[in-house]
Amino acid sequence: MSHSKGRKNHHGNKKINIGDKGKEVLQNLDEDSLVLQQFRVYAAELDDKHDRFERILKIGRDITIESKRIIFLLHSIDKESIQDSILQEAKTRLQNVAQNQFKRIALELENEDAYQYLKAYRSSLEEYVEAFTFYHYLHRNHLEGWLELEKMITYTVPDQSEVKTINTLVTPYEYILGIADLTGELMRRCINNLTQDTASCYHMCTFVRNMYTGFLGCTNITNKEMNRKMSTLKQSLYKIENVCYTIKVRGSEIPKHILIEVATDNYEESNEGYQVY
């Protein structure tokens with residue numbers, strides 16, 4: 001009859017289990033062994049990498065929180081008189097994030113393989129891209145490019161007797177995912193503007209439709225994340241088009257205070273959801 005290791009057999013003798021054998025090997029190790037010393041070097045490198053990853057992850061959380069707050073701030077624009085002050089505040093806060101949190105990430109990535117740590121701040125970078133592009137759309141009615149964002153998170157720092165340049169890695173992929181999320185904010189903005197500025201709704205509809213056309217031309221159908229973003233983008237476009245249709249066809253016969261309900265009662269809330277602020 002067989003028994004598991006570490007248990008007594010029918011003679012009452014205890015077998016040596018793996019843990020006991022490991023302790024015996026550990027006691028007989030040569031502390032001066034080159035192999036052991038090399039593994040200690042590897043352990044120190046891994047600990048350093050894990051600690052740096054966690055530090056970047058914590059910075060990324062702060063970026064995500066502040067980016068969401070900036071987006072919420074931009075949604076609070078409802079009158080022309082306060083638009084300039086809100087846009088200025090949003091610009092200042094975006095610059096503060098770039099000059100503080102993203103600079104800390106850039107310093108952490110200095111002399112490191114940045115792609116090994118991209119996962120730690122990828123989601124926060126996408127959220128910042130969303131806030132960054134949303135601000136520029138409301139400010140100038142256009143989409144700010146990837147290279148402009150890259151310039152914002154590139155820094156010069158002193159290095160002994162000279163000055164060197166460091167930056168936080170931002171790839172076109174994260175930028176594309178970020179502007180895909182932007183369309184959701186434009187959809188919310190369109191609904192909010194339904195009773196105030198109907199002309200902006202038509203402009204947003206054209207803008208998001210052009211974005212959707214661009215995504216159709218470059219999307220990799222095997223990319224799960226991109227497909228998910230595309231699905232959300234399509235839903236946002238449908239909602240904006242429905243708003244514009246309601247304005248055009250029924251806007252003159254429906255009181256403005258119930259126009260939003262009529263424009264949004266033909267579809268259910270998606271997973272991303274929308275909210276009239």
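A residue counts as partly exposed when its relative accessible area falls between the buried range, under 20%, and the exposed range, over 50%. Arg 55 has 36% relative accessibility, so Arg 55 is partly exposed. The model described here is predicted.

**Salt bridges**

Side chains of opposite charge can pair when their charged atoms come close. This structure holds 15 salt bridges. Three of them are listed here.

| Pair | Closest N to O distance |
|---|---|
| Glu 108 and Arg 55 | 2.8 Å |
| Lys 68 and Glu 127 | 3.6 Å |
| Glu 174 and Arg 122 | 2.5 Å |

Start with Glu 108 and Arg 55, whose side chains meet in a salt bridge. This pair links distant parts of the chain. Glu 108 sits in helix α4 and Arg 55 in helix α2, 53 residues apart. Is Glu 108 buried or exposed? Its relative accessibility is 18%, so Glu 108 counts as buried. Both residues also belong to a network of salt bridges, together with Asp 48, Arg 52 and Glu 112.

Next comes the salt bridge between Lys 68 and Glu 127. Lys 68 is in helix α2 and Glu 127 is in helix α5, so the pair ties together parts 59 residues apart in sequence. Lys 68 is partly exposed at 47%. Glu 127 is buried at 13%.

The salt bridge between Glu 174 and Arg 122 comes last. Glu 174 belongs to helix α7 and Arg 122 to helix α5, so this pair ties together parts 52 residues apart in sequence. Glu 174 is buried, with 0% relative accessibility. Arg 122 is partly exposed at 32%.

**Helix α2 and its surface**

Helix α2 spans residues 34–75 and includes Phe 39. At 52% relative accessibility, Phe 39 is exposed. Phe 39 joins Val 35, Val 41 and Tyr 42 in a nonpolar surface patch. Together the four have about 390 Å² of accessible area.

Glu 54 also lies in helix α2. Glu 54 is partly exposed at 40%. Its C-alpha is 7.6 Å from that of Ala 120, though the two residues are 66 apart in sequence.

**Helices α7 and α8**

How do the axes of α7 and α8 cross? They come within 10 Å and cross at roughly 155°. An angle over 145 degrees counts as roughly antiparallel, and α7 and α8 are therefore roughly antiparallel to each other. Their crossing is left-handed.

**Two loop residues**

Asn 111 has a positive phi, near 65°. Asn 111 lies in the loop between α4 and α5, and is exposed at 73%. Asn 141 has a positive phi of about 60°. Asn 141 lies in the loop between α5 and α6, and is partly exposed at 46%.

Definitions and conventions:
Residues numbered from 1 in each chain as written. Predicted model: local features only at pLDDT ≥ 70, side-chain atom pairs only at ≥ 80, totals over all residues. Heavy atoms only, no water. Patch = residues over 30% accessible without salt bridge, like charges linked within 9 Å, V, L, I, M, F, W, Y side chains within 5 Å. Areas by Shrake-Rupley, 256 points an atom, 1.4 Å probe, with all protein chains shown as cover. Helix = DSSP H or I, 4+ residues; strand = E, 2+ residues; numbered from the N terminus. Buried < 20%, exposed > 50% of the residue type's maximum accessible area, 1.4 Å probe, protein only. Axes fitted to C-alpha atoms, helices over the stretch in contact; angles between N-to-C directions. Parallel < 35°, antiparallel > 145°, perpendicular 65-115°, else oblique. Left-handed = near helix turned anticlockwise from the far one by under 90°.
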